[in-house]
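Work through the exercises below with the sequence and the 3D structure at hand. Each task is followed by a solution in steps.

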Amino acid sequence: MRAHPAGPLHGDGLPQPSLPPPPDPTAMARVDAQIWPATARRDPEGRLVLGGLPVTDLVARHGTPVLLLDEADFRARAAAFQSAYTDATVPGTVSYAGKAFLSGTTVRWLAEEGLGLDVCTGGELALATAAGFPAERITLHGNNKSDAELQAALAVGVGRFVVDALDEVTRLATLAAAAGVVADVLVRVTTGVEAHTHEFIATAHEDQKFGLSLTSGAAREAVLAVVARPELRLLGIHSHIGSQIFSTAGFEVAAHRVVGFIAELAARDGVVVEELNLGGGMGIAYLPGDDPVAPVAMADALRMIVAGECQRRALPVPRIGVEPGRAIVGPSMVTAYEVGTVKPVEYRTGAWRTYVSVDGGMSDNIRTALYDAEYTVALANRVSGAPAMLSRIVGKHCESGDVVVRDAWLPSDLARGDLLAVAATGAYCRAMASNYNLLTRPPVVSVRAGVERVVLRRETQADLFALDPALADVPAASHA
Ligand code: LLP
């Protein structure tokens with residue numbers, strides 16, 4: 001089992017890097033189009049520029065850490081998914097998975113681009129409706145929806161409910177009856193397929209909290225319970241197999257199993273399924289060499305797989321739904337940090353790495369500590385001709401597992417006050433941010449064609465003190 005012992009020995013337990021040889025200075029300054037947002041480039045002075053604005057200027061106005069969001073990149077990715085799935089003989093549906101990152105501004109962009117929205121809590125739903133997102137394009141997920149969440153969703157007219165438990169069918173039907181509405185429902189099933197970055201595992205093992213098992217009969221029982229209730233209308237079947245997936249193989253096995261289930265429902269129960277939602281999980285490039293499948297190629301492959309499976313079983317082809325989160329927002333943001341303490345450490349006799357401390361850390365990006373995530377990092381305020389030094393980007397938290405980028409090559413003249421940019425931090429970074437060590441959560445600033453806009457402002461000490469009755473009345477002037 002992997003653990004994060006938060007002690008001085010932490011580093012000893014970690015695998016040593018198997019890094020490629022040190023890159024030359026030109027390679028370190030390169031802005032790889034696969035990893036960085038579409039408008040990222042170096043200006044003639046060597047500064048990283050996003051949306052037409054140098055990161056140095058953005059940082060001067062908004063401070064660090066700051067997440068910079070390339071609006072054109074975000075919109076282009078959303079539009080690419082939308083057209084890949086809706087421009088088809090049987091038009092599909094695309095719902096952005098709000099858990100990756102949500103804000104009023106980005107939700108409005110998604111509405112303008114024509115996408116749907118997947119929310120999985122009352123909080124996400126409230127944000128979407130407050131931002132004016134069309135309720136009929138919202139899907140409500142969640143393995144433990146409360147009555148209040150179901151009631152709120154019914155009241156605003158949410159388009160789809162993905163039921164995740166047998167008793168939820170009864171609860172939703174009762175609440176829909178009380179609200180005098182008919183709720184459209186998908187049943188979330190577990191296919192036994194678990195997909196990860198480069199591989200997938202297909203087993204009968206379904207030991208997890210989400211969904212209803214195909215093999216145990218729970219999924220069929222839920223479908224029959226839905227069709228038995230006049231307050232519910234069965235739209236389809238939902239299957240989500242994992243996240244950061246690079247191949248279509250896992251989806252293929254899941255689609256095979258779900259279409260088999262749809263065929264069984266048609267033959268045994270006369271139940272017709274209009275939609276097969278394959279969830280999210282489309283991977284993105286974090287590192288050079290990561291090679292994600294383009295939305296249109298993935299869409300074509302999924303349609304082929306589903307159509308082929310349906311043809312074999314003489315079934316009408318359902319529409320395909322997908323819920324990408326990371327693949328839309330992930331690559332469109334970078335996090336800018338200011339370099340503080342720079343400390344060379346001999347990690348093995350004669351082998352050195354430099355610990356580069358930045359002014360954020362696991363409170364704005366927990367993914368490295370939590371999932372061993374890997375990122376690309378670059379010097380953002382200048383380019384350097386200095387040779388590469390093996391670096392570890394760490395935060396300012398009181399914990400040795402507070403690592404942002406475990407292994408990176410950075411110019412050896414890196415110094416306090418330099419700016420670093422970490423690429424592809426749009427998904428599950430700000431969304432999973434915390435106030436650990438009472439750091440305030442960073443702002444998100446969007447950039448487009450030389451114009452910037454605050455999407456989320458920086459949290460303040462006053463925001464945090466306001467939650468603490470013993471401190472709420474302390475005048476703001478005395479907040480550090
Ligand atoms: N649909 C459902 C039902 C999901 O559970 C998820 C993600 C998605 C869509 C969107 O998946 P995406 O396209 O973003 O991969 N915090 C983790 C990822 C958790 C994903 C949870 N569910 C991380 O930082 O990698």
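pLDDT is the predictor's confidence in each residue, from 0 to 100. This is a predicted model: local features need pLDDT of at least 70, side-chain atom pairs count only at pLDDT 80 or more, and totals for chains, interfaces and linings use all residues. Residues are numbered from 1 along each chain as its sequence is written, and side-chain values use heavy atoms, with hydrogens and water left out.

**Exercise 1.** State the mean pLDDT of the protein and find the stretch where pLDDT is below 50.

Solution. The protein has a mean pLDDT of 93, and 94% of its residues reach 70 or more. The pLDDT falls below 50 over residues 1-13, a stretch with 13 contacts (heavy atoms within 4.5 Å) beyond near neighbours in sequence.

**Exercise 2.** Divide the protein into domains and describe how they meet.

Solution. Step one: an automatic or database domain assignment sets the bounds, giving domain 1 (20-70 + 331-465) and domain 2 (71-330). Step two: their centres, taken over C-alpha atoms, are 33 Å apart. Domain 1 brings 29 residues to the contact and domain 2 brings 26. Step three: the two domains bury about 2,300 Å² between them, 58% of it on carbon and sulfur atoms. Buried area is the accessible area (1.4 Å probe) that two parts lose on being put together, summed over both. P331, Y428 and R448 supply 25% of what domain 1 buries against domain 2, more than any other three residues.

**Exercise 3.** Locate the ligand and list polar side-chain atoms beside it.

Solution. Step one: both domains give residues to the shell around the ligand, so the ligand lies between them. Step two: 18 residues surround it (a heavy atom within 4 Å), and the closest are S243, E323, R367, Y371 and Y428. Step three: a polar side-chain atom of E323 is 2.7 Å from a nitrogen atom of the ligand, while one of Y428 is 2.6 Å from a ligand oxygen atom.

How values were computed
Polar contact = N/O pair within 3.5 Å; in protein donor to acceptor, adjacent residues only side chain to side chain.
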